[in-house]
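This report examines one sheet and one chain-to-chain contact surface. The sequence and structure are shown below.

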Amino acid sequence: MIAQQLRKCLVTLVFSLVSIAMFSSNENTTLPAQHANEHGQHNTTESHSSGGGLIDTKPEIDAYKKHHLADSHDFSLFSYTDSHGKRKHVGFSLPVIVWSSKGLVTFMSSEFHHNDDGSVIVTKNGAKFAKIHSKIYELDAGATAVKLDNDHHATNAHKVWDFSITKSVLGMLIAGLLMLLLFGGLAKGYKKGPIPTGFSRVLEPLVIYVRDEIARPNIGEKKYRKYMGFLLTVFFFIWILNLLGLTPFGFNVTGNIAVTVCLAIFTFLITTFTANKDYWKHIFWMPGVPVPMKIVLMPIEILGMFTKPFSLLIRLFANITAGHAVVMGLIAVAYTARETLGLAGGFGVSTLLTLFISLIELLVAFLQAFIFTMLSSLFIGMAVEEHDHDHAHDAEVHGAEDNSIV
Amino acid sequence: MNLLNDFSPGLFVMQAVILLILIVLMRKFAWKPILDSLNDREDGIQNALDAAENAKKELQNLQADNERILNEARAERDGMLKEARELKTSMIATAKEEAQAEADKVIKQAQEAIKAEKKAAVADLKNQVAGISVEIAEKVVKNELADKNKQLELVSSLLKDVTLN
């Protein structure tokens with residue numbers, strides 16, 4: 001928890017530094033965006049209509065950051081302008097699967113030609129689709145072009161159920177496949193002998209760590225086994241996705257609110273449906289306190305049921321999003337501080353700061369996976385705890401603290 | 001940033017499906033065998049430790065037994081030696097007593113024999129003396145008996161001299 005506070009302090013500090021550096025530079029010299037990618041992670045430059053896809057000024061950088069933090073329908077590593085002035089994208093497109101008014105429609109995202117402002121219309125099965133800010137819209141009947149209002153909201157198109165294999169879904173699939181391969185290998189290794197060999201030797205202590213440091217102490221010796229499948233899966237899923245987010249491929253899966261909401265809902269459902277009588281009793285009719293207190297505590301406890309998983313989803317989302325934003329901001333220092341520090345100076349400062357914050361992000365990647373799993377098991381532990389009424393109140397005090405820990 | 005606007009229901013559904021499938025697959029193919037193997041191994045280690053502890057205890061018991069047996073044997077040996085020593089002393093004492101008794105007996109017998117011999121010798125001497133006396137008396141008598149008076153005188157004088165034992 002201390003580490004996290006420290007991290008937050010650092011983030012604030014770094015943010016202020018970045019903004020100072022950004023304001024100091026307003027020039028418009030261009031540098032091939034390809035350069036940026038050589039320089040560090042998360043710099044998956046993509047073209048956005050104007051400016052030839054170059055990200056150089058503060059609004060451009062802000063837009064780019066926002067774009068990266070959102071999910072994307074294609075997997076692009078970087079883009080550049082060739083000698084004929086044409087924009088080239090390096091990467092590959094991903095399948096778009098949407099449920100529209102005409103039923104299920106699938107096509108490759110390449111049909112949008114990397115357009116993200118709704119100006120390219122794809123017609124499939126009689127339905128017209130446009131992509132605006134990484135979201136797929138279906139045009140209303142009769143409309144031929146997207147009309148945008150002042151806030152860039154489409155007025156004649158509506159969102160559709162989008163089951164596309166987006167970059168985030170791809171990331172999840174990769175993480176899932178990695179987990180199956182790694183831990184399936186570990187499981188198979190036990191058939192040969194009791195001691196794992198090779199890389200499995202690294203994985204085994206991690207599994208034991210989750211079991212002995214997270215599940216057992218929080219849920220209890222008798223009941224922890226039932227929840228190990230969920231806890232282990234979630235722990236390694238979040239951790240691997242966090243780490244994938246630190247690679248230059250620029251995944252931002254755990255920084256997606258939909259993903260963290262889903263993870264938290266799983267915890268909430270498990271907590272709610274495995275809870276014993278004691279748990280509900282402590283929510284609706286707290287034992288050991290006078291009746292007026294019971295009535296006052298009831299709504300608070302009911303609210304607590306929901307705030308616990310809510311804190312989980314916001315914490316993971318905010319930490320990862322902030323981490324990505326800071327890394328991108330620091331990389332942008334190389335461009336924004338070029339005038340004040342010079343080309344080499346800008347790149348040097350940017351490299352050092354990015355390296356430094358990336359190391360912290362490496363720690364955060366683990367820490368957030370740990371905290372999510374830890375608190376999930378704590379909530380589960382509270383729900384299945386058997387207590388006699390002597391220390392029943394203790395447990396609730398614990399519960400109240402939990403909300404304020406991280 | 002508008003969180004609600006960023007929330008993608010489609011992604012949420014995909015994530016839920018993927019996570020659910022992943023949990024099921026991981027449980028079946030990874031976590032169950034891994035955790036079972038870990039448990040088995042830990043139990044095995046615990047058992048081995050317990051067995052070692054038991055073996056140690058047994059060894060200690062065995063050592064204690066050995067010690068006890070050794071002590072018993074030593075005590076028995078000491079007892080036997082003591083007994084033998086006592087036996088020896090008592091045997092010597094008995095032998096001495098017996099020898100004494102035998103010696104006393106022999107001496108007694110010898111004394112008695114000597115006594116008897118002495119008696120016999122005295123009797124024999126008496127007889128011889130009597131014989132010799134008779135012979136002497138005969139000769140004297142023969143010589144003296146020529147004169148009757150003399151004979152009588154002699155007899156009386158002889159009788160005077162000889163005192164019978």
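The text that follows treats the sheet of chain A and then the contact with chain B.

The model is predicted. In chain A, three strands form an open sheet in the order E4-E3-E9, and their pairing is antiparallel. Strand E4 (103-108) and E9 of chain A lie at the edges; each has a single partner strand, so one side of each is left without a neighbour in the sheet.

Strand E3 (residues 95-100) of chain A is joined to E4(A) by six bridges, and a hairpin of two residues links E3(A) to E4(A). Towards E9(A), E3(A) has two bridges, also antiparallel. Residues of E3(A) and the residues they stand opposite are listed here.

| Residue of E3(A) | Opposite residue | Strand of the opposite residue |
|---|---|---|
| Val96(A) | Phe107(A) | E4(A) |
| Val98(A) | Val105(A) | E4(A) |
| Val98(A) | Asp162(A) | E9(A) |

In a regular strand, side chains alternate between the two faces of the sheet. The covered face of E3(A) holds Val96(A), Val98(A) and Ser100(A), whereas Pro95(A), Ile97(A) and Trp99(A) make up the uncovered face.

The contact between the chains involves 35 residues of chain A and 28 residues of chain B. On the side of chain A that touches chain B, two or more residues each come from strand E9 (161-162), helix H4 (167-192), helix H5 (200-219), helix H6 (224-245) and helix H7 (257-274) of chain A. H4(A) gives the largest share, twelve residues. By residue type, this side of chain A comprises 25 nonpolar, eight polar and two charged residues.

Technical notes:
Residues are numbered from 1 along each chain as its sequence is written. Chains are lettered from A and ligands numbered from 1 in the order in which they are written. This is a predicted model: local features need pLDDT of at least 70, side-chain atom pairs count only at pLDDT 80 or more; totals for chains, interfaces and linings use all residues. Two residues are in contact if their C-beta atoms, placed from the backbone, lie within 7 Å. Helices (H or I, at least four residues) and strands (E, at least two) are DSSP runs, numbered from the N terminus. Ala, Val, Leu, Ile, Met, Phe, Trp, Tyr, Cys and Pro count as nonpolar, Asp, Glu, Lys and Arg as charged, and the others, Gly among them, as polar. Two strands pair if DSSP finds at least two bridges between them. A residue is buried if 20 or more other C-beta atoms lie within 10 Å of its own, exposed if 12 or fewer, and partly exposed in between; C-beta atoms are placed from the backbone.
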